[in-house]
Each structure stands twice: as structure tokens, then as C-alpha cells.
Amino acid sequence: MNPKILIIGACGQIGTELTQKLRKIYGTENVIASDIRKLNTDVVNSGPFEVINALDFNQIEHLVEVHKITDVYLMAALLSATAEKNPAFAWDLNMNSLFHVLNLAKAKKIQKIFWPSSIAVFGPTTPKENTPQYTIMEPSTVYGISKQAGERWCEYYHNIYGVDVRSIRYPGLISWSTPPGGGTTDYAVDIFYKAIADKKYECFLSSETKMPMMYMDDAIDATISVMQAPAEQIKIHSSYNLAAMSFTPTEIAAEIKKHIPDFEITYNPDFRQKIADSWPASIDDSSAREDWNWNHKFDLESMTKDMLEHLA
């Protein structure tokens, strides 16, 4: 039997593509997209859509009951750079939306939850290269603190109440279909737009800032894979490390130059540099690969080619 899916935050960077993919797999009528406002987008126009405030428990509960929802993908969040400008609201949104969904599962009103974590859970004291699944986690951003706390609550609700909640720690995500959404890794999206439009880009990070990244196609595949895996294969109920590639602004610029020879990059690091410096350079995701057969398809070369083709 097909699950009945509710996506909260369906108009965001990940939600947009996740909604389309889930509708292809499970049927348009079985995937209810929702967000805080109704935009004129494919997500809104291509299937069932509801306006919902992720902070309103009664609204979420009502949608779950009306649509007989089994699975919730909670994608609503304030991202790293945006969250630093409004810490109290970021904490409120990132934490309370999670509690609402966890409590619905605790009450047996839904069966399964996907909740995204992030490499932001790591901090300056975390080993930077090949960051292990289990390691020091002392996040230094509001976003990271909320994700770290969220991981602990997911694990708690699983251990104490038997809630089936699944999570992955996204690295920086790169997509051609939605513009950047206020994250520190967003330079790696913006650089493609500017390369095509202006043939130049001023980067808000320094040239050798190496961070873990992933093409959106791989991130969507991982998200759906972890939800489709049999429950016994999910051995980590906080959040799985996830990786595909790591690169610096210098390296991505060099790859773009292969396609756009007169492209130029300059550097003007801002407040996001400090955030980037606190995050890992590369990630060990062997647990995800062993437990539910995670495997990425895109590297820097194939991603750059695909991005430029789509944006052009």
C-alpha cells in the first residue's frame, strides 16, 4: 500500500525537488505539499497543496487527519546564515516544528518521520577530515545547536516511545532548480548562476575553504532511500552522516572554467567564513553505506557539467 505523505516546507530548496520525486514514485494524489505561503510554483500547481504554519500543532494535526497521512517529511527550517540574524525565531521554528511531528507519531497518528539534520551539528573541536559518525559535537551556530538538539530528541522519542524517525546530516547541497536559501554552502550554487550571467563571481568565503558538498539529485535519492529502508536496517536514530564530494571555491571555479574559459572568481570573505571554518572538510559516511546501501552518483566534474547544462 502506498504511503500518504505530507511534506512541510515543500517550497524550500530541498522540498521543491523532493515533492516532485515523491509524486513520481507514489502518485500525485498521495503526496500533499505544504508551506507557509502559496507561491506560483510547480510544487503548488502540480498536485495537492495546503498552506500551513509549521509552528501550529493544530494545523498539522488537522492535515494529518483529513488526508490520512502516514509519513511526514519535515523540511521547514531556518538555515545557517539566516538563523544567525534571528536566533530566537530560528530556535523556535527548528525545534517546535519537530516536537509537533514527533508528538503526532508518539500519539500513533503518523507512522514515519523524515527530519533533516546537517553538518552544522559539528563544530570547531570536531575532527575536520573524515569526520566520524560518532565524534565531538560542539556546534557554534544557532542552526547547528538546533540540529544537534533535534538529533537528541529524535533518538529519545525512538528509544522511549518507539517513534520511527529517520534522519541524515546533509552536507552543502547544490541544485539548479531553486535559488540559494540562506546557507553558508550556498556559494556553490550562486557561483553557477553568476558564471552564466556575468562570467564572474565574488565569493563570500576564502579560496581554500574546503567543505563537504552534494548534488541535489543525490540528496533526494538518499532521503527517499533512508525512508524506504526496512526498519531493521536503520540502526542510527539520531542522524546518519552523508557524503559525496568535498571541494574548495578554487576547485569549483577551475571546473567551471573548463566550460566557461573567461570565468573569473574573486574573494571577499564575510561573517559566513567563521561558520564555514567551524564545519568539517570531509565526512565519513560508512554507516549509511553499510546500513541502507547509500551510494552517491555525482562528483565535482559530473555535477558541474549537469548544473551548467540545466542553467544555460
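Two strands pair if DSSP finds at least two bridges between them. Helices (H or I, at least four residues) and strands (E, at least two) are DSSP runs, numbered from the N terminus. The model is predicted, with local features requiring pLDDT of at least 70 and side-chain atom pairs pLDDT 80 or more, while totals for chains, interfaces and linings use all residues. Residues are numbered from 1 along each chain as its sequence is written, and side-chain values use heavy atoms, leaving out hydrogens and water.

**Exercise 1.** Determine which strands pair with strand 11, and in which sense.

*Solution.*
Step 1. Strand 9 (residues 172–174) is joined to strand 11 by three bridges in the parallel sense; within this pair, G172 is opposite M213.
Step 2. Strand 13 (residues 245–247) runs antiparallel to strand 11, again with three bridges. Here M245 is the bridge partner of M213.
Step 3. Strand 11 spans residues 211–215, and because five of its five residues are buried (under 20% relative accessible area, 1.4 Å probe, protein chains only), the rest of the structure largely encloses it.
Step 4. M211, M213 and Y215 cover one side, and P212 and M214 the other.

**Exercise 2.** Describe the surroundings of strand 2 (residues 31–35).

*Solution.*
Step 1. Strand 1 (residues 5–8) runs parallel to strand 2 over four bridges, with I7 partnered by A33.
Step 2. Strand 3 (residues 49–51) is also parallel to strand 2, over three bridges; S34 stands opposite E50.
Step 3. A right-handed β-α-β unit is made by strand 1, helix 1 (residues 13–26) and strand 2. Right-handed signifies that, with the strands pointing away from the viewer, the path from the first strand over the helix to the second runs clockwise.
Step 4. V31, A33 and D35 on one side and I32 and S34 on the other are all buried.

**Exercise 3.** Establish whether N241 is buried or exposed, and what it touches.

*Solution.*
Step 1. N241 belongs to strand 12 (residues 240–241).
Step 2. Its relative accessibility is 1%, so N241 counts as buried.
Step 3. A polar atom of the N241 side chain lies 3.2 Å from the backbone oxygen of P132.
Step 4. Contacts (heavy atoms within 4.5 Å) of N241, not counting residues up to four places away in sequence, include F122, R169, I283 and D285.

**Exercise 4.** Identify which residues touch the most other members of the largest nonpolar core.

*Solution.*
Step 1. A nonpolar core is a set of buried Ala, Val, Leu, Ile, Met, Phe, Trp, Tyr and Cys residues joined through side-chain atoms within 4.5 Å.
Step 2. The largest has 102 residues, of which I174, Y187, F247, I252, W292 and M303 touch the most other members.
Step 3. Beyond four places in sequence, W292 contacts residues including I168, V226, Y240 and L242.

How values were computed
Buried means under 20% relative accessible area, exposed over 50%, partly exposed in between (1.4 Å probe, protein chains only). A polar contact is a pair of N or O atoms within 3.5 Å; within protein, one must be able to donate a hydrogen and the other to accept it, and residues adjacent in sequence count only if both atoms are side-chain atoms.
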